[in-house]
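User: I am new to this structure and would like to be led through it by question and answer. Could you begin with how the chains meet and then turn to particular residues?

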Amino acid sequence: MVTAPSTAIPGVDIDPFSIAFFDDPFPHHERLREAGPVVRLDTWNLHGVARYAEVHAVLNDPQTFCSSRGVGLSDFAKEKPWRPPSLILEADPPAHTRTRAVLSRVLSPAVMKQVRDGFAAAAEAKVDEIVAMGSFDGVADLAEAYPLSVFPDALGLKKEGREHLIPYAGLVFNAFGPPNELRQQAIDRSAPHQAYVQEQCQRENLAPGGFGACIHARVDAGEITATEAPLLVRSLLSAGLDTTVYGIGAALYCMARFPGEWQRLRADPSLARNAFEEAVRFESPVQTFFRTTTREVEIGGHTIGEGEKILMFLGAANRDPRRWHEPDRYDITRQTSGHVGFGSGIHMCVGQLVARLEGEVMLAALARRVASIEISGPVKRRYNNTLRGLDSLPLTVTAA
Amino acid sequence: MPTITFVHPDHRSEPIDAAVGDSIMQVAIAHGVTEIVAECGGNAMCATCHVYVDGDWLGRLPAMTADEDALLDGAAAERRPTSRLSCQIKITPELDGLVVMLPDRQV
């Protein structure tokens, strides 16, 4: 697949979409980083970058490393996508610029100011519930329950059918992976979830004032067409919920494992926002994304041909010792700016402000109301081709 | 190297030698100016690298884009006519002596 490389690209016999990898990716990340600035992964016939500098460079050169051929392994130039492509995630400029501007405005810092109090009140209510329970599942009862209590309402979704949201998002993120069992099973079971999502994206099903209605309102302003609006709403349904579930889950898991950091947060709850940000760096809930080369390109002295898939290891970049001091330490006062947990460049997570708001108000509510937080049962991992997180996190808390 | 002076909320002045080509945000982060948060890492998406530009300098900076203008409406501290996002201002030799005031909060 590589057209006469100048020097041999180091090959690494790692399957980054295997259960063994998901169970403990960190030694594998180190091998990938140390093998070279770009590596060949023969299992799935692709190239990978795992060092911070190269991941950041690929993310910030969308002309050379495009998204319109899919940000999963499947190359849209060769294969029919499993669903109609996203108008923002799987698009390049100039088409991307227009749709991106719409979502950026719908989820802007000014809009976050408006929803902030409501999100904070819901976080406090949720924490009151788990304090009353004493022992609970950090995933189901908090990491999932809290975003489910705020995000679908903020979007303006109907109450019925919301149980499809997390399975749909799981499907989307599994589908970025290679044609393994996780991807195949997810697509095989996708029909009811896809039908629900398609229906909820329509204008008449979205409550006035919500993020969804705001997207449709841009049709009236002439910024997008009536056929584009539902697909942009779909982006929020795909990427706006499960990611924050994994992000909050990561933060809880950190707090439960690192009591020193938990005590620092309790002593100063204003650190909540950075504690969440550091959890996103430390665990990297979104582990990987692909790009496709639009021309022959050189990475770290190696030549890669046109039309090649490049896998970016965001999680490995976020722990690259070339970029981070003591990368394997969770430090809630770390200077986190520049981590690639939300990506970087023109495709950087458009919902990052929603994620930070949810993470911040949740951790701040915990810091004020909970004295101790401990793991009280077997921790179970949830497997997904793109997302890293837990299926179950039994926790016991005591009230402050 | 151009010198950029950051004025902290307590009026303390901190002159820093800045590399041409870096953004003011990058200079602040590299030198531990903690009032600049820069959550999005310089992608003009978060409004947490807000600064107030010293009046004399404002007109000598490149004009702001519509995106920066919209983001500043969401800045945590009060928006003023002198407000800019420091990630959007690249250091040039002409900016030697620039003074920016830091707001008391970014989130």
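Analyst: A salt bridge here is a side-chain nitrogen of Lys or Arg within 4 Å of a carboxyl oxygen of Asp or Glu. Please keep in mind throughout that this is a predicted model.

User: How many salt bridges does the rule find across the interface of chain B and chain A?
Analyst: The side chains of A:Arg273 and B:Glu39 meet with a nitrogen and an oxygen 2.4 Å apart, and the cut-off for such a pair is 4 Å, so this pair qualifies as a salt bridge. Polar contacts between chain B and chain A come to 5 residue pairs. For salt bridges across this interface, the count is 2.

User: Which residues of chain B lose the most area to chain A?
Analyst: The contact draws 16 residues from chain B and 16 residues from chain A, and the area buried between the two chains is about 1200 Å², with carbon and sulfur atoms giving 54% of that area. Three residues of chain B together account for 43% of what that side buries, and they are B:Glu39, B:Asn43 and B:Met45.

User: Where is B:Ala44 found, and is B:Ala44 buried or partly exposed?
Analyst: The phi angle of B:Ala44 is near 55°, which is a positive value in a residue other than glycine. B:Ala44 belongs to the loop of chain B between α1 (24-30) and β3 (50-53). Its relative accessible area is 23%, and since buried means under 20% and exposed means over 50%, B:Ala44 counts as partly exposed.

User: What is the relative accessible area of A:Ser284?
Analyst: A:Ser284 is found in the loop between α14 (272-283) and β5 (288-293) of chain A, and its phi is near 45°, a positive value in a residue other than glycine. Buried residues are those under 20%, so A:Ser284 is counted among the buried, its relative accessible area being 1%.

User: Which peptide bond is cis, with omega near 5°?
Analyst: The residue A:Pro94 is found in the loop of chain A that runs between β3 (65-66) and α4 (95-106). The bond with omega near 5° leads to this residue, and it is the cis bond from A:Pro93 to A:Pro94.

User: Why does A:Ala145 count as buried, and at what relative accessibility?
Analyst: A:Ala145 lies in helix α6 (residues 138-155) of chain A, and it touches A:Lys126, A:Val139 and A:Ala140, leaving aside residues up to four places away in sequence. A residue is buried when its relative accessible area is under 20%, and A:Ala145 meets that cut-off because its relative accessibility is 18%.

User: What kind of aromatic pair do A:Phe151 and A:Phe211 form?
Analyst: The structure holds 10 aromatic pairs over all chains. A:Phe151 lies in helix α6 and A:Phe211 in helix α10 (residues 211-220), both of chain A, so the pair ties together parts that are 60 residues apart in sequence. Both residues are buried. Their ring centres are 6.4 Å apart and their planes stand at 50°, so the pair is tilted.

User: Which residues do ring pairs link into a cluster?
Analyst: A:Phe173 and A:Phe176 form an edge-to-face pair, 5.7 Å centre to centre and with 75° between the planes. A:Phe173 is buried, with a relative accessible area of 4%, and A:Phe176 is buried as well, with 7%. The cluster linked by ring pairs is made of A:Phe173, A:Phe176 and A:Phe289.

Conventions. Residues are numbered from 1 along each chain as its sequence is written. Chains are lettered from A and ligands numbered from 1 in the order in which they are written. This is a predicted model: local features need pLDDT of at least 70, side-chain atom pairs count only at pLDDT 80 or more; totals for chains, interfaces and linings use all residues. Side-chain values use heavy atoms; hydrogens and water are left out. Contact means heavy atoms within 4.5 Å. Buried area is the accessible area (1.4 Å probe) that two parts lose on being put together, summed over both. A polar contact is a pair of N or O atoms within 3.5 Å; within protein, one must be able to donate a hydrogen and the other to accept it, and residues adjacent in sequence count only if both atoms are side-chain atoms. Helices (H or I, at least four residues) and strands (E, at least two) are DSSP runs, numbered from the N terminus. Buried means under 20% relative accessible area, exposed over 50%, partly exposed in between (1.4 Å probe, protein chains only). Rings of Phe, Tyr and Trp (its six-membered ring) pair if their centres lie within 6.5 Å; planes under 30 degrees apart count as stacked, over 60 as edge-to-face and the rest as tilted.
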